[in-house]
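Here's a quick briefing to read with the model open beside you. We'll go from the overall layout to the sheets, then to the packing and a few buried spots.

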Amino acid sequence: MPRGIDGSIIGAATAVSLSSASGIWTMSEVHKYRTEGVWPLGPAATGGTVTSADGYWIHTFLLGQSGEDFQVFRTINVEYLVVGGGGGGGGQGAGGGAGGFLTASGFEVTVAGGPYEITVGDGGAGGADSSTAGGDGDNSGFSSILTIGGGGGAPNNQVGRPGGSGGGGSGANDGGDGFNVANGDATNQGKNGGAAITGAAYNRPGGGGGGASVEGTDATTGRGGDGGNGTSSSITGDPVLYAGGGGGGNGTSGSYKGDGGSGGGGNGGLNNDVGVAGTSNTGGGGGGGGQAAAGGKGGSGIVIIRYAQ
């Protein structure tokens with residue numbers, strides 16, 4: 001039988017433990033053994049789609065994996081990203097607010113405390129017509145961490161709905177409140193939605209939905225408000241933007257729609273166009289609809305957990 005670097009027999013690959021390992025090793029595992037004197041370890045948990053990058057194990061949970069468990073084999077400290085589902089854009093109205101955004105490191109998880117059920121929120125439905133607000137996004141969660149779904153965008157001449165980030169307002173009405181300390185909440189998850197311009201004419205533009213980092217902008221004459229920008233995270237190894245607000249719709253021909261915020265916010269509809277859906281797996285808000293047009297659906301949220309290898 002062939003022998004390993006320490007003289008041991010290399011056989012069929014088997015599971016590793018804290019004290020010993022056997023089987024076929026990669027060159028990086030051999031190097032770790034020679035330089036550090038410890039056996040290489042596999043992932044310390046199960047659940048979601050498991051990948052690795054930059055010395056971390058990464059567990060990603062998308063909408064279809066909501067309800068799965070994150071189960072650890074030993075006590076570890078993890079970094080997490082939890083984003084709620086984005087709010088839908090209002091029918092003939094304003095942009096939906098982004099899903100709540102929370103991220104932190106040094107969060108301890110234990111065997112006794114698990115399994116930890118993961119919830120990934122879906123985006124809210126777009127408002128179907130000028131009297132229907134966009135639906136609120138669903139919440140996402142991991143352990144004690146809960147992010148609030150984005151608020152739905154207002155339909156014609158209504159106030160935006162509150163949420164992780166607030167939906168935009170329409171027809172001289174304010175946008176909804178985001179979930180943040182300034183509004184009396186426990187954590188900073190998102191910003192307020194933008195207001196609509198003074199006057200409640202039938203085809204006036206709607207305000208932009210709030211994003212994780214920036215409030216939705218107010219609509220102006222001839223232009224829907226832009227969705228607020230989201231926040232970047234490099235938890236997967238590369239920077240990715242999440243939780244942008246949806247742009248406000250504008251029913252006036254020859255004018256301008258509101259643009260979705262960076263991080264998956266959908267653009268508003270112009271004239272008779274429907275609002276654009278928020279991007280899946282970002283928690284982006286849906287764009288508001290143009291005149292007599294439906295709003296866009298909010299983007300689904302995401303949960304990502306990583307820890308050192």
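Two residues are in contact when they have heavy atoms within 4.5 Å of each other. With that in hand, take the contacts in this protein between residues at least 6 apart in sequence: 53% of them join residues at least 24 apart. Keep in mind that this is a predicted model.

**Overall layout**

- The secondary structure adds up to one helix and twelve strands. Reading from the N terminus, the helix comes up first and the strands follow, as in α-β-β-β-β-β-β-β-β-β-β-β-β.
- The protein has 309 residues, and 48% of them count as buried.
- About 12,400 Å² of the protein is exposed, with carbon and sulfur atoms supplying 51% of that area.

**The sheet that holds β2 and β12**

- Five strands make up an open sheet, and if you walk across it you meet β2-β3-β12-β5-β6, with antiparallel pairing. At the edges sit β2 and β6 (101-109), each of which pairs on one side only. On average, neighbouring strands here are turned by 20° against each other, direction ignored.
- Start at the β2 end: β2 (residues 49-53) runs antiparallel to β3 (residues 56-61), and five bridges link the pair. One of the bridge partners to look for is Y56 in β3, which goes with A53.
- β2 and β3 form a hairpin with two residues between the strands, and in this hairpin D54 takes a positive phi near 55°.
- On to the next pair: β3 and β12 (residues 302-308) are also antiparallel, over six bridges. Here H59 stands opposite I305 of β12.

**The sheet that holds β1 and β9**

- Another open sheet of five strands has the order β1-β4-β7-β8-β9, again with antiparallel pairing. Its edge strands are β1 (45-46) and β9 (145-147), and each pairs on one side only.
- Inside this sheet, β4 and β7 pair in the antiparallel sense over two bridges. To find the spot, look for D69, which stands opposite E117 in β7.

**Nonpolar cores**

- As a rule, nonpolar side chains tend to be buried together in soluble globular proteins.
- In this model the largest nonpolar core has 21 residues, and F70, V109 and F142 have the most contacts inside it. At least two residues of this core come from each of β3, β4 (69-72), β5 (76-83), β6, β7 (116-119) and β12. β5 gives the largest share, four residues.
- Apart from that core lies another one, of eleven residues, with L81, A212, I235 and I302 among them.
- Click on F70 and you'll see it touching V109 and F142, among other residues farther than four places away in sequence. Its contacts also include A45, T46, H59, F61, I305 and Y307.

**H59, a buried histidine**

- Is H59, a residue of strand β3, buried or exposed? It counts as buried, because its relative accessibility is 0% and the cut-off for buried is under 20%.
- What does the side chain of H59 pair up with in a polar contact? The side chain of Y307 is the partner, at 2.8 Å.
- Leaving out residues up to four places away in sequence, H59 touches A45, T46, G47, T49, V50, F70, V303, I304, I305 and Y307.

**The loop between β11 and β12**

- N250 lies in the loop between β11 (240-242) and β12. Even so, N250 is buried, with a relative accessible area of 0%. Its side chain reaches the backbone oxygen of Y256 at 2.9 Å.
- G249 has its place in the loop between β11 and β12 too. At 2% relative accessible area, G249 is buried.
- Which residues are in contact with G249, leaving aside neighbours within four places in sequence? They are G93, P205, G206, G224, G268, G269, G288 and G289.
- For a distance to check in your viewer, try the C-alpha atoms of G249 and G275: they are separated by 6.8 Å, with the two residues 26 apart along the chain.

Notes:
Residues numbered from 1 in each chain as written. Predicted model: local features only at pLDDT ≥ 70, side-chain atom pairs only at ≥ 80, totals over all residues. Heavy atoms only, no water. Pairing = 2+ DSSP bridges. Axes fitted to C-alpha atoms, helices over the stretch in contact; angles between N-to-C directions. Buried < 20%, exposed > 50% of the residue type's maximum accessible area, 1.4 Å probe, protein only. Areas by Shrake-Rupley, 256 points an atom, 1.4 Å probe, with all protein chains shown as cover. Polar contact = N/O pair within 3.5 Å; in protein donor to acceptor, adjacent residues only side chain to side chain. Core = buried A, V, L, I, M, F, W, Y, C linked by side-chain atoms within 4.5 Å.
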